[in-house]
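User: I'm new to this one and would like a close look at a single part of it. Could you walk me through the main nonpolar core and what sits around it?

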Amino acid sequence: MNAPEIARPGLEWFNVAAPLPIASLRGRVVILDFWTEGCINCIQIIPTLRRVEEKYPEKVVVIGVHSPKFANEKKAASVKDAIRRYHIHHPIIHDPDMTIWRAYGVQAWPTLVVIGADGNVAGAIPGEPDPDRFVAAIDKIVETSAKDGSLKPAALDLAPLPEPKGRFLFPGKLKPVPGHARRWVLADGGHNQIVLLDDSGTELQRYGSGEAGLVDGAKDKARFNHPQGLIASSDAIFVADTESNAIRRIDLASGTVTTLAGTGKRGMQLGAPEPGRTRALASPWDLEIKGDQLFFANAGTHQIGVLDLKSGTVAALAGTGEEGLRDGRAASASMAQPSGLALSADKMTLYVADSESSAVRAITLSKDPQIVTLVGAGLFDFGWVNGDFRTARLQHPLGVAIDGDKLLVADTYNSAIRELELAQHELVDFDGGKFTCVDPVCIPTREPAGIVVDSPDRILLVDTGNHRIEEYRPAARTYHTWAR
């Protein structure tokens with residue numbers, strides 16, 4: 001069939017000077033990428049699309065059709081942040097009402113629709129395709145189009161969004177470093193680096209050259225790829241190197257970076273213990289540690305994994321790999337893009353920000369681990385609702401932190417801190433949500449991804465969208481920028 005029109009009235013386009021009518025693309029193979037910014041499976045195919053773009057800069061046109069799931073994803077500013085965060089340079093159509101989605105009969109995120117050089121739809125691929133097979137399929141379409149004369153290469157007039165400048169760029173998690181000196185480590189994802197800070201937010205050290213990649217070695221030569229999570233021991237920083245699909249270790253004494261698990265490729269579901277160095281992971285997003293057990297949120301397979309630091313093996317702790325919200329035995333439960341972890345004071349419960357189900361889950365670390373949902377109802381149940389756990393709602397949370405007998409949540413798409421009163425089974429806004437900004441210039445918090453409790457009167461929030469860290473002081477009911 002002829003490809004339906006994509007240059008529809010009222011839709012915003014990014015990375016291109018003007019909308020591109022479907023007829024103007026005739027003569028080139030077109031890939032429409034139906035995605036939404038919070039979907040990990042959508043994020044994981046960006047490198048595959050980049051391969052095609054680099055191989056066929058004038059023969060293939062990739063166009064992202066942003067088709068939002070969450071209310072926050074309908075905001076153009078949020079889409080712009082996602083484009084910058086993931087270094088997307090091809091044209092993006094923001095389609096908040098999903099009109100193009102319906103015109104093409106799409107039913108799942110992500111879906112790739114391929115349009116031949118003749119302007120007809122050649123096929124659709126729901127879900128993540130195998131990268132090599134997908135590129136091979138595009139090779140064949142390009143070759144066939146060249147032979148039948150329909151291929152007419154031409155370059156696009158692109159206008160990429162400018163990237164923000166600053167000390168941090170879309171930072172992820174912040175965690176303390178155990179020891180006498182007050183130090184903190186930050187995943188500076190947009191700069192592909194890990195930053196060591198003192199207690200005033202002053203930078204002490206950076207690890208990683210800043211170039212994206214999976215390279216071990218000295219602190220200024222090693223490479224990370226958009227790390228999101230971390231945890232520190234007294235002698236090391238462990239890193240969830242998200243887009244490298246790996247878990248890394250930084251030796252605090254020497255600064256040397258080594259890889260503990262992951263191959264650099266996107267892996268499938270975790271299962272029984274396997275050697276970490278040869279086991280592919282899938283977008284590890286955050287870490288927690290208990291003795292020799294390093295727990296990791298394997299967001300790309302909707303599981304919690306565990307890396308045994310003594311044996312070097314990785315295995316599944318919770319989740320079958322099915323995306324969903326099912327409780328019970330951890331081994332047979334379902335999760336949905338776990339993205340934040342926090343270990344209870346007694347180290348017997350692992351709390352999880354299960355972002356795609358807008359849920360907070362709890363895993364008992366027993367011989368037969370169990371998982372229970374504290375807040376959350378399903379993949380399409382979200383909002384900003386306080387009250388009893390059963391009816392309360394969050395929106396795509398990415399961070400959790402223990403605060404005594406409470407649990408604080410970086411409620412990312414609500415751009416807020418929420419508080420789970422564990423004894424009362426109630427969700428409320430953090431300390432009533434009424435804090436006064438004491439910065440010289442105050443700006444609203446935007447999509448925080450990490451939160452940490454230093455003391456009952458000091459909370460640090462990673463304000464990811466504003467590339468900074470905020471400090472909250474509940475006693476004074478104030479907050480300000482701690483580091484940026």
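Analyst: Sure, let's start in the middle. The largest nonpolar core has 22 residues, and Ile6, Leu32, Phe34, Ile63 and Tyr104 are the ones with the most contacts inside it. Several elements feed into this core: β1 (12-16), β2 (29-35), β3 (60-66), α4 (99-103) and β5 (111-115) each supply at least two of its residues. Keep in mind that this is a predicted model.

Ile6 is a good place to zoom in. Not counting residues up to four places away in sequence, Ile6 touches Leu11, Trp13, Leu20, Ile22, Leu25, Leu32, Ile63, Ile93, Ile100 and Tyr104. Among those partners, Leu32, Ile63 and Tyr104 are also on the list of residues with the most contacts inside the core. As background, nonpolar side chains in soluble globular proteins tend to be buried together.

Now for a helix that meets some of these strands. Helix α2 (residues 46-55) has Ile46, Thr48, Leu49 and Val52 as its buried residues. They cover an arc of only 160 degrees around the axis, so they sit on the same side of α2. What lies over them? The cover for the buried residues of α2 includes β2, β3 and β5, along with α1 (40-44) and α5 (131-148). Those three strands, β2, β3 and β5, each supply at least two residues of the largest core as well.

Notes: Residues numbered from 1 in each chain as written. Predicted model: local features only at pLDDT ≥ 70, side-chain atom pairs only at ≥ 80, totals over all residues. Heavy atoms only, no water. Core = buried A, V, L, I, M, F, W, Y, C linked by side-chain atoms within 4.5 Å. Buried < 20%, exposed > 50% of the residue type's maximum accessible area, 1.4 Å probe, protein only. Helix = DSSP H or I, 4+ residues; strand = E, 2+ residues; numbered from the N terminus. Contact = heavy atoms within 4.5 Å. Arc of directions from axis to C-beta.
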